[in-house]
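Open the model in a viewer and keep the sequence panel visible. The tour goes from one selection to the next and says what to look for at each stop.

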Amino acid sequence: MPREPSTPGLAGPRNAMSNNSSSTLTITDNRTQREYEIRILDGDVIRAMDLRQIKVRDEDFGMMAYDPGFTNTAFTTSRITDVKGSKGILEYRGYPIEQLAEQATFLEVASLILNGELPTREELDQFVHDVTFHTYVHENVTTILQGFRYDAHAMGMMISTVAALSTFYPEAKEVDDPENRRIQITRLLAKMPTLAAFAYRHHKGLPYVYPENGLSYTANFLNMLFRIGGREYKPNPVLERALDVLFILHADHEQNCSTTAMRVIGSSRVDPFSALAGAMAALYGPLHGGANEAVLRMLTEIGTRDNIPDFMDSVRRGERRLMGFGHRVYKAYDPRASIIKRTAEEVFEVTGRNPLLDIALELEQIALQEEYFIQRNLYPNVDFYSGLIYQAMGFPVELFPVLFAIPRTVGWLAQWEEMVVDREQKIARPRQVFMGHPRRDYVPIDSR
Ligand code: CMC
């Protein structure tokens with residue numbers, strides 16, 4: 001099976017430091033007075049396994065790092081997306097998000113993320129053609145959807161139907177075959193909007209609208225969602241482009257919760273449909289991709305500007321979180337939030353101003369000036385303004401996490417493929433620090 005060459009230090013062009021003999025760390029174990037020299041790899045990274053030699057007795061397991069939430073653990077090397085959190089920088093394959101959002105299309109960015117380079121015109125045409133011609137789903141998928149209640153959440157339906165697709169493509173198990181991976185990646189990218197639109201139409205009790213191959217990725221999605229009767233549906237070009245931009249902004253974000261889920265599940269060599277269903281489940285949570293939905297519900301609950309002071313008091317007291325604020329990596333303004341804020345203005349010119357915008361702007365204004373938020377580096381993230389756009393465009397709140405999942409499918413799949421071909425990757429299996437009972441004998445039930 002073709003795999004990336006193995007990586008002696010950490011893989012990648014910026015590895016010069018790993019060959020520098022002065023790049024070591026000397027650790028003194030004060031329990032034993034022994035000294036250990038640990039190699040420092042690219043930047044400030046050491047291999048966790050190098051700590052294992054640190055022991056008091058020979059029979060000891062050796063030292064581990066304890067890191068709940070992986071706050072300081074690099075799980076993988078990657079060449080896909082770079083987030084420089086302190087500077088508010090996001091780059092896909094080296095290209096700044098601002099340039100891509102301004103000049104590229106979503107499928108162009110998808111091709112870049114998946115293949116590593118901007119596509120030529122010919123390559124892009126082929127990629128668009130392939131994605132367009134795999135948009136149909138097996139008719140039995142509609143039978144699966146019929147099993148859901150009318151008020152089922154769209155993410156629940158999506159997660160289930162994506163997992164179900166693995167049964168339609170059993171050959172997807174051949175994860176070590178590059179051509180097989182390519183076709184499954186194409187299928188997933190192509191079918192996600194169809195599944196999302198079908199889930200929405202099921203919720204509404206409307207007949208499904210089948211894909212239209214003549215439309216763009218986002219126009220086809222809007223058509224499948226909103227078309228009524230036989231009349232041609234023409235999405236407003238401003239809204240079509242706004243959705244494309246939002247998709248670009250959500251396409252990847254390196255090792256976040258759902259991408260890590262994708263890699264962890266995929267490391268068992270399961271097919272990508274099953275792994276992606278797991279990644280979607282991780283995204284669904286309100287601290288991750290479910291935050292856009294949570295923001296809208298929060299703004300609706302606040303309702304009027306008069307209620308903002310009470311709400312902010314509850315945030316300061318730690319009773320509530322200001323949803324759409326804060327990020328594990330960004331300790332400055334999330335660059336995606338700035339672009340979304342601008343896109344929102346363009347969208348509102350077409351749809352009319354979302355009345356919740358005033359509440360959002362005032363919350364941001366307060367948060368940017370207040371000690372509580374400044375001290376904790378809490379700035380608006382990608383989810384703070386995206387929901388306002390989605391709502392103005394007519395998407396129901398339940399569809400918001402789905403609108404995150406569709407473009408993030410690109411990132412999940414690129415990261416999955418990178419993991420599959422990475423020789424250093426093994427099945428994900430972290431350690432634990434066992435804090436439970438030491439060994440004790442079983443007590444028969446009548447003697448307890
Ligand atoms: N509102 C109020 N306080 C907050 C918030 C918030 N949104 N976020 C963090 N804090 C406080 C938190 O209470 C803690 O305070 P203290 O030190 O006094 O205990 C401090 O800031 C650090 O928070 P943390 O939970 O340790 O930070 P984290 O890096 O583990 O969490 C986060 C990151 C995104 C989960 C968190 O900021 C949060 O819950 N934000 C709201 C949900 C949200 O908008 N999520 C979308 C993230 S971006 C897109 C995505 O990933 O899907």
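Two strands are said to pair if DSSP finds at least two bridges between them. The model is a predicted one, and the first stop is a hairpin.

**Stop 1: the hairpin and its sheet**

Select β3 and β4; four residues lie between the strands of this hairpin. Among the residues of the hairpin, Gly88 takes a positive phi near 65°. Strand β4 covers residues 89-92, and its pairing with β3 is antiparallel, over four bridges. To see one facing pair, pick Asp82, which stands opposite Glu91 in β4.

Now add β5. The three strands make an open sheet with antiparallel pairing, in the order β3-β4-β5. Its edge strands are β3 (81-84) and β5 (95-96), each of which pairs on one side only.

Show the side chains of β3. In a regular strand, side chains alternate between the two faces of the sheet. Which residues of β3 point to one face and are buried? They are Thr81 and Val83, while Asp82 and Lys84 point to the other face and are not buried.

**Stop 2: helix α2**

Select residues 106-115, which form helix α2. Eight of the 10 residues are buried, so the helix is largely enclosed by the rest of the structure. The buried ones are Phe106, Leu107, Val109, Ala110, Ser111, Leu112, Ile113 and Leu114. Step past the end of α2 to Gly116, where phi is positive, near 100°.

**Stop 3: Asp130**

Move on to helix α3, residues 121-132, and pick Asp130 within it. Is Asp130 buried or exposed? Its relative accessibility is 19%, and the cut-off for buried is under 20%, so Asp130 counts as buried. Display Arg182 and Thr186 as well: Asp130 is in contact with both, leaving aside its neighbours within four places in sequence.

**Stop 4: Val209**

Go to the loop between α6 (178-204) and α7 (217-226), where Val209 is found. Val209 has 11% relative accessibility and therefore counts as buried. What does Val209 touch, not counting residues up to four places away in sequence? The list is Phe198, Arg201, Asn223, Met224 and Arg227. For Arg227, draw a C-alpha to C-alpha distance from Val209: the two are 7.2 Å apart in space and 18 residues apart in sequence.

**Stop 5: the ligand**

Finish by selecting the ligand and the 20 residues around it. Of these, His288, Arg321, Leu322, Gly324 and Arg328 come nearest. By class, the shell consists of 10 nonpolar, six polar and four charged residues.

Three backbone contacts are worth displaying here. A nitrogen atom of the ligand lies 2.8 Å from a backbone N or O atom of Leu322. At Gly324, a polar backbone atom is 2.8 Å from an oxygen atom of the ligand. At Phe325, a backbone N or O atom lies 2.9 Å from a nitrogen atom of the ligand. On its own the ligand has 930 Å² of accessible area, and the protein covers 72% of it.

Note on methods: Residues numbered from 1 in each chain as written. Predicted model: local features only at pLDDT ≥ 70, side-chain atom pairs only at ≥ 80, totals over all residues. Heavy atoms only, no water. Near = heavy atom within 4 Å. Polar contact = N/O pair within 3.5 Å; in protein donor to acceptor, adjacent residues only side chain to side chain. Areas by Shrake-Rupley, 256 points an atom, 1.4 Å probe, with all protein chains shown as cover. Nonpolar A, V, L, I, M, F, W, Y, C, P; charged D, E, K, R; others polar. Helix = DSSP H or I, 4+ residues; strand = E, 2+ residues; numbered from the N terminus. Buried < 20%, exposed > 50% of the residue type's maximum accessible area, 1.4 Å probe, protein only. Contact = heavy atoms within 4.5 Å.
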